[in-house]
Amino acid sequence: MSTQDNGSKPGLLPRNNTITTSLNPTTSPQTCQASPPQASGCQVIDSSGEDVESGATSPVNEKVEAAYPEGGLQAWLVVFGSFSGMVAGFGYMNTIGIYQAYLTEHQLSEYSESTIGWIFSLYIFLSFFCGLQIGPVFDAKGPRVLVALGTVFLLVSVFLMGSCTKYWHFLIVFGILGGIGTSLIFTPAVSAIAHFFMLKRANATGIAATGGSVGGVIFPLMLQSLFPKVGWAWALRIQGFIFIVLLIPANLLIKSRLPPRPGGTLLPDFLIFRQPAFAIVTIGTYCLEWGLFIPITYLTSYSLASGAMSSTFAYQIIAIFNAGSCLGRWAPGYMADKWGRYNTMVGTIIGCMSTTLALWLPATVFSTRTSGPDGVPSTTIFALTVTYALLMGFASGSNISLTPVCVGMLCETEEYGRYYATCYTIVSFGTLTGVPIAGAIIAACDGAYWGVATFTGLCYVCAGTCFLTVRVMKVGWKLNVLY
């Protein structure tokens, strides 16, 4: 079991999915034994099929612990710094439903849903697309300068947005400046955790990613309260001051630990798509993000249009969504370290698909039939929408927290930033088109939302198929294999 690098580019050769290589983030499949019970319920299977005991004195575990702290003050401070950065960065992203609904009714009321959607899709696109260079720069130089630049971009965006009045103002200030700022904070925040955790990486990443959902609860409720009291401009400025407080620990605590990979460059390596599993995971993640931001963007607008709830509660629906996501970003990560990362991912994707098709789709259909003798009571639509927001928020939390871990299982840690950035360079084009496509579907359905609910559900059908395919490629159909 050698720890030496063979010198080949990652992704061009099949990997053995073993934790015996000290700097490889790939975890071994763990097979639960059906007979007789032992002190440890599962055993680790290495690439040769040999059982490796998982006790504290195991040579394998000693290598893992030597390479990864798996805890300690410094490691958890990095997680806290990432959490704080994501409250600001992803909190900004998870509030787009409030911005979209407000702008549709006020500053941009003369524009169509699809046209306004391009502002938010450009923001989401740049939040992920900029990882093309940010990931490799992180690998080579570390996170300090990246997070500092992200802080500047994000603060300029939120403070200037309060003064925006025209379409192109929002396109530049929120779409471009905000998107770049979010990416400069988000990519290092996720990548830094991988330098300190391997066996507990999903749990640690999930804890940090919970920050985005916390921001997605706080900021919508705060803005809903502030808009009628202080107006749009000062509501955004107050949000900006909160961002300053949040981004200080992010700048101080997010750090890298492992040295750059020898001979590495700042250029992305698209040859890694020759690794079939990575290519399929990228397609699956593309579909995930394609579907995820549709309810985040349009759930508030749908709630306002449904007539089943007050406008005040309609603005709170996205906070309910993010409240479910708070638990949904951490719990799947915790479970993934015990049940398998891809196993958990497939399960949560099934949850996203089923809640969308079984709850949101009927609600959108019923909301077109609220009048007449056969009309559906508004209480039914209200119950379906609130239940969907809570359950979909929980199920979709893994879309952010587990995806980096699933990608990381296919590469070495020194190349993690490059793999993750390359994946999201492709995925970002899905985020660029998803929201405007949804807006066009709404227009094609004469303002009804059943079309976007169907589209969202189908996105998750495709995503689940991709992640299940990779799981089967790696460990087969056996249900007792943790992968």
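Which residues do ring pairs link into a cluster? In this predicted model, the cluster is made up of Y92, Y99, Y102, F120, Y123, F170, F174, F219, F227, W232 and F243. The count of aromatic pairs comes to 29. One of them offers a clear geometry to look at: the ring centres of F219 and F243 lie 5.3 Å apart with their planes at 80°, so this pair is edge-to-face. Both F219 and F243 are buried. A further ring, that of W234, has a charged partner, as the charged end of R237 sits over it at 5.1 Å from the ring centre.

The aromatic residues lead naturally to the nonpolar core. The largest such core holds 133 residues, and within it Y99 and F243 touch the most other members. Helix α8, which covers residues 201–253, supplies the largest share of this core, with 16 residues. Setting aside residues up to four places away in sequence, Y99 touches Y92, F120, M161, F174, L223, W232, L236 and Q239. Among these neighbours, Y92, F120, F174 and W232 also belong with Y99 to the ring cluster.

It helps to place these details in the overall fold. The protein chain contains 16 helices and four strands. Of its 483 residues, 59% count as buried. Contacts also reach across the sequence: among those between residues at least 6 apart, 82% join residues at least 24 apart.

Helix α6 makes a pleasant worked example. Its 18 residues, 144–161, should span 26 Å at 1.5 Å a residue, and the C-alpha atoms at its ends are indeed 26 Å apart, so expectation and model agree. Its buried residues are L146, V147, G150, T151, L154, L155, S157, V158 and M161. Viewed down the axis of α6, these buried residues fall within an arc of 160°, so they line one face of the helix. M161, one of the buried residues of α6, is also among the residues touched by Y99.

Three individual positions round out the picture. S183 is placed in helix α7, which runs over residues 167–193. With a relative accessible area of 0%, S183 is buried. Beyond its neighbours within four places in sequence, S183 is in contact with L126, S127, C130, G131, I134 and P188.

Is V214 buried, partly exposed or exposed? This residue of helix α8 has a relative accessible area of 24% and is therefore partly exposed, given that buried means under 20% and exposed over 50%. Neighbours within four places in sequence aside, V214 is in contact with F83 and C326. The C-alpha atom of V214 is also separated by 8.5 Å from that of S325, although these two residues are 111 residues apart along the chain.

T364, finally, lies in helix α11, made up of residues 341–366. What is the relative accessibility of T364? The value is 0%, so T364 counts as buried. Which residues are in contact with T364, once neighbours within four places in sequence are left aside? They are Y302, Y449, W450 and A453.

Note on methods. Residues numbered from 1 in each chain as written. Predicted model: local features only at pLDDT ≥ 70, side-chain atom pairs only at ≥ 80, totals over all residues. Heavy atoms only, no water. Core = buried A, V, L, I, M, F, W, Y, C linked by side-chain atoms within 4.5 Å. Buried < 20%, exposed > 50% of the residue type's maximum accessible area, 1.4 Å probe, protein only. Helix = DSSP H or I, 4+ residues; strand = E, 2+ residues; numbered from the N terminus. Contact = heavy atoms within 4.5 Å. Phe/Tyr/Trp six-rings, centres within 6.5 Å; stacked < 30°, edge-to-face > 60°. Lys NZ or Arg CZ within 6 Å of the ring centre and 35° of its normal. Expected span 1.5 Å × (residues − 1). Arc of directions from axis to C-beta.
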